[in-house]
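Grab a coffee and open your viewer. Here are a few exercises to work through by eye before you peek at the solutions.

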Amino acid sequence: MKVFVLDTSAILSGFMGEVMIAPLKVYDELKKFRNELPEHILAYYEESIRFYEPEEECIEKVRKAAEKTGDIHRLSDADIEVIALALEHKGVVVTNDLSIQNVCEELNIEYMSYLSKDIKRIFEWEVVCKSCGKVLDKKYDRCPFCGGDVGFRIKRSRSLKKK
Ligand SMILES: [Zn+2]
């Protein structure tokens with residue numbers, strides 16, 4: 001089973017894989033989006049992603065590769081740790097960042113962009129009333145139909161068809 005290593009933007013885009021990991025620095029970045037991301041979505045990722053601190057040795061390898069390709073100044077510490085984790089866990093990096101992809105190439109790490117056709121599934125969220133179960137068009141404080149609590153749920157993960 002593939003291990004997906006996610007950067008912050010991949011998480012914010014709603015990428016979903018069966019096994020997902022990310023460095024702790026990505027977790028820190030995610031917390032900055034606490035106000036923008038619905039609580040339930042954040043909670044979902046907090047439960048589904050295992051966060052690790054990558055080994056120093058792998059971070060060093062990534063830094064060296066990034067210096068070689070000239071991407072080092074375009075990469076944040078979190079970016080470097082994403083690649084380092086992939087190296088350590090033989091994972092697939094999920095990112096749209098070209099510098100990250102470049103360094104992955106250099107290190108023979110598999111990667112995919114989350115808008116590419118390589119990604120088989122993405123998932124969609126919907127707003128629902130927890131009392132009457134109606135699907136709502138946006139997040140209301142209270143359900144406009146019955147006044148119940150409003151929450152989020154995963155609508156479905158949908159397959160992306162190859163073109
Ligand atoms: Zn309702």
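The exercises below go from the whole chain down to single residues, and the model they use is a predicted one.

**Exercise 1. Get your bearings**

Work out how many helices and strands the protein chain has, and in what order they come.

*Solution.* Start by counting: the protein chain has 6 helices and 8 strands. Next, walk along from the N terminus, and you'll read β-α-β-α-α-β-α-α-β-α-β-β-β-β. Then ask how much of the chain is tucked away: of its 163 residues, 31% are buried. Finally, look at contacts between residues at least 6 apart in sequence: 56% of these join residues at least 24 apart.

**Exercise 2. Check a helix with a ruler**

Take helix 4 (residues 56-69) and see how its end-to-end distance fits the expected span. Then find which residues are buried and which are exposed.

*Solution.* Helix 4 has 14 residues, so at 1.5 Å a residue it should span 20 Å. The rise is multiplied by one less than the number of residues. Put the ruler on the end C-alpha atoms and you get 20 Å, which agrees.

Now for the sides. Ile59, Val62, Ala65 and Ala66 are the buried ones. Looking down the axis of helix 4, you'll find its buried residues within an arc of 125 degrees, so they line one face of the helix. Flip to the other side and you meet the exposed set: Glu56, Glu57, Glu60, Glu67 and Lys68. What sits over the buried residues of helix 4? Helix 5 and helix 6 are among the elements that cover them. One last stop: just after helix 4, glycine 70 has a positive phi of about 85 degrees.

**Exercise 3. Same game, another helix**

Find the buried residues of helix 2 (residues 24-31) and list elements that cover them.

*Solution.* The buried residues in helix 2 are Lys25, Val26 and Leu30. Viewed down the axis of helix 2, its buried residues fit within an arc of 145 degrees, so they line one face. The cover includes strand 1 (3-6), helix 1 (8-12), strand 2 (19-23), helix 3 (39-48) and helix 5.

**Exercise 4. Two helices meet**

Describe how helix 5 (residues 77-89) and helix 6 pack, then name the residues that make the contact.

*Solution.* First the geometry: the axes of helix 5 and helix 6 are 10 Å apart, and the helices pack at an angle of about 35 degrees. The crossing is right-handed. Now the residues: helix 5 brings Asp79, Val82 and Ile83, while helix 6 brings Ile100, Val103 and Cys104. Sort the contact residues by type and you get 5 nonpolar, no polar and 1 charged.

Next, turn to helix 6 as a whole. Ile100, Val103 and Cys104 are buried in helix 6. Down the axis of helix 6, its buried residues keep within an arc of 105 degrees, so they line one face of the helix. On the face turned away from that buried side, helix 6 carries the exposed residues Leu98 and Glu105. Cover for the buried residues of helix 6 includes helix 4, helix 5, strand 4 and strand 5.

**Exercise 5. Zoom in on one glutamine**

Is glutamine 101 buried, exposed or partly exposed? Say where it lies and what it touches.

*Solution.* Glutamine 101 lies in helix 6 (residues 98-106). Count its C-beta neighbours inside 10 Å: there are 18, so glutamine 101 counts as partly exposed. The cut-offs are 20 or more for buried and 12 or fewer for exposed. Leaving aside residues up to four places away in sequence, glutamine 101 touches Thr95 and Tyr111. Methionine 112 is 11 residues away along the chain, and its C-alpha atom is 8.1 Å from that of glutamine 101.

**Exercise 6. Positive phi outside glycine**

Find where lysine 90 and asparagine 108 lie, and decide whether each is buried or exposed.

*Solution.* Lysine 90 is in the loop between helix 5 and strand 4 (92-94). Its phi is positive, about 50 degrees, although lysine 90 is not a glycine. With 11 other C-beta atoms within 10 Å, lysine 90 is exposed.

Asparagine 108 is in the loop between helix 6 and strand 5 (111-112). Its phi is also positive, near 60 degrees, in a residue other than glycine. Asparagine 108 has 8 C-beta neighbours inside 10 Å, so it counts as exposed.

Notes: Residues are numbered from 1 along each chain as its sequence is written. This is a predicted model: local features need pLDDT of at least 70, side-chain atom pairs count only at pLDDT 80 or more; totals for chains, interfaces and linings use all residues. Helices (H or I, at least four residues) and strands (E, at least two) are DSSP runs, numbered from the N terminus. Two residues are in contact if their C-beta atoms, placed from the backbone, lie within 7 Å. Axes are lines fitted to C-alpha atoms, for helices over the stretch in contact, and angles run from 0 to 180 degrees between N-to-C directions. A crossing is left-handed if the near helix is turned anticlockwise from the far one by less than a right angle, and right-handed if clockwise. Ala, Val, Leu, Ile, Met, Phe, Trp, Tyr, Cys and Pro count as nonpolar, Asp, Glu, Lys and Arg as charged, and the others, Gly among them, as polar. The arc is that of the directions from the helix axis to the C-beta atoms.
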